[in-house]
Amino acid sequence: MSTVECGYGDYIHEYTNDLYCRNWLHEARLLLDDHIVQLWTPQIKALDDRYKAATIEDDGMALDQFHRIPGPDLWWWRRHPRILTGDLGHSLRAAGAIGADPDTA
C-alpha cells in the first residue's frame, strides 16, 4: 500500500497484476466462512480506505487504454495513483490521467 501512497513507479503491467491481488480478496469472500470474513473485513476496509486516499477515481479511463477494466463491482480498477511517477506515471499521463508529480505531492 505504501508504494501507491508514495508513487507507484513500476510498469503498468505490474500495477494491474497488483490489482488482481485485490480481486482475489473480493472473490475469496465467497469461499470463506462468515467468522473469517467478519474477522478480516475491518482490516481490508482500512487498506481500501488508504488506497482510496492515495488514488484518483477516473472510472478507469486511463487504465482501460492498457488493460480491459473488469465489472463495476471491482471499484479499485477505476482508480489510479494520485502521485504519478516512473513508468506507470508516464503511461497513465500519456493516457490522459491527471495526478501529482512526486516532487510536489
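What percentage of the 105 residues of the chain count as buried? In this predicted model, the figure is 37%.

The secondary structure comprises four helices and two strands. Read from the N terminus, the order of elements is α-α-α-β-β-α. The radius of gyration of the chain is 14 Å, and the globule rule gives 13 Å for 105 residues. The two values are close, so the chain is as compact as a globular protein of that length. The C-alpha trace spans about 45 × 25 × 20 Å along its principal axes.

Contacts were then considered by separation along the chain. Among contacts with a separation of 6 or more, 61% join residues 24 or more positions apart.

The surface and the charges were examined next. About 6,600 Å² of the chain is exposed. Carbon and sulfur atoms supply 57% of that area. The chain carries 10 positive and 17 negative charges. The mean positions of these two sets lie 5 Å apart.

Aromatic side chains form four pairs in the structure. One of them joins Tyr 8 and Tyr 15. Their ring centres are 5.2 Å apart, and their planes meet at 75°. This angle is over 60 degrees, so the pair is edge-to-face. Both Tyr 8 and Tyr 15 are buried.

Trp 75 and Trp 76 also form an edge-to-face pair. Here the distance is 5.4 Å centre to centre, with 80° between the planes. The two residues of this pair fall into separate exposure classes. Trp 76 has a relative accessibility of 2% and therefore counts as buried. Trp 75 has a relative accessible area of 22%. The cut-off for buried is under 20% and that for exposed is over 50%, so Trp 75 is classed as partly exposed. Tyr 51 joins Trp 75 and Trp 76 in one aromatic cluster.

A further tryptophan, Trp 24, lies in helix 2, which covers residues 12–28. The relative accessible area of Trp 24 is 56%. Exposed means over 50%, so Trp 24 belongs to that class. Trp 24 and Gly 60 are 36 residues apart along the chain. Their C-alpha atoms are separated by 19 Å.

Key
Residues numbered from 1 in each chain as written. Predicted model: local features only at pLDDT ≥ 70, side-chain atom pairs only at ≥ 80, totals over all residues. Heavy atoms only, no water. Buried < 20%, exposed > 50% of the residue type's maximum accessible area, 1.4 Å probe, protein only. Rg over C-alpha atoms; globule rule 2.2 N^0.38 Å. Contact = heavy atoms within 4.5 Å. Areas by Shrake-Rupley, 256 points an atom, 1.4 Å probe, with all protein chains shown as cover. Lys, Arg positive; Asp, Glu negative; His and termini not counted. Charge placed at Lys NZ, Arg CZ, Asp CG, Glu CD. Phe/Tyr/Trp six-rings, centres within 6.5 Å; stacked < 30°, edge-to-face > 60°.
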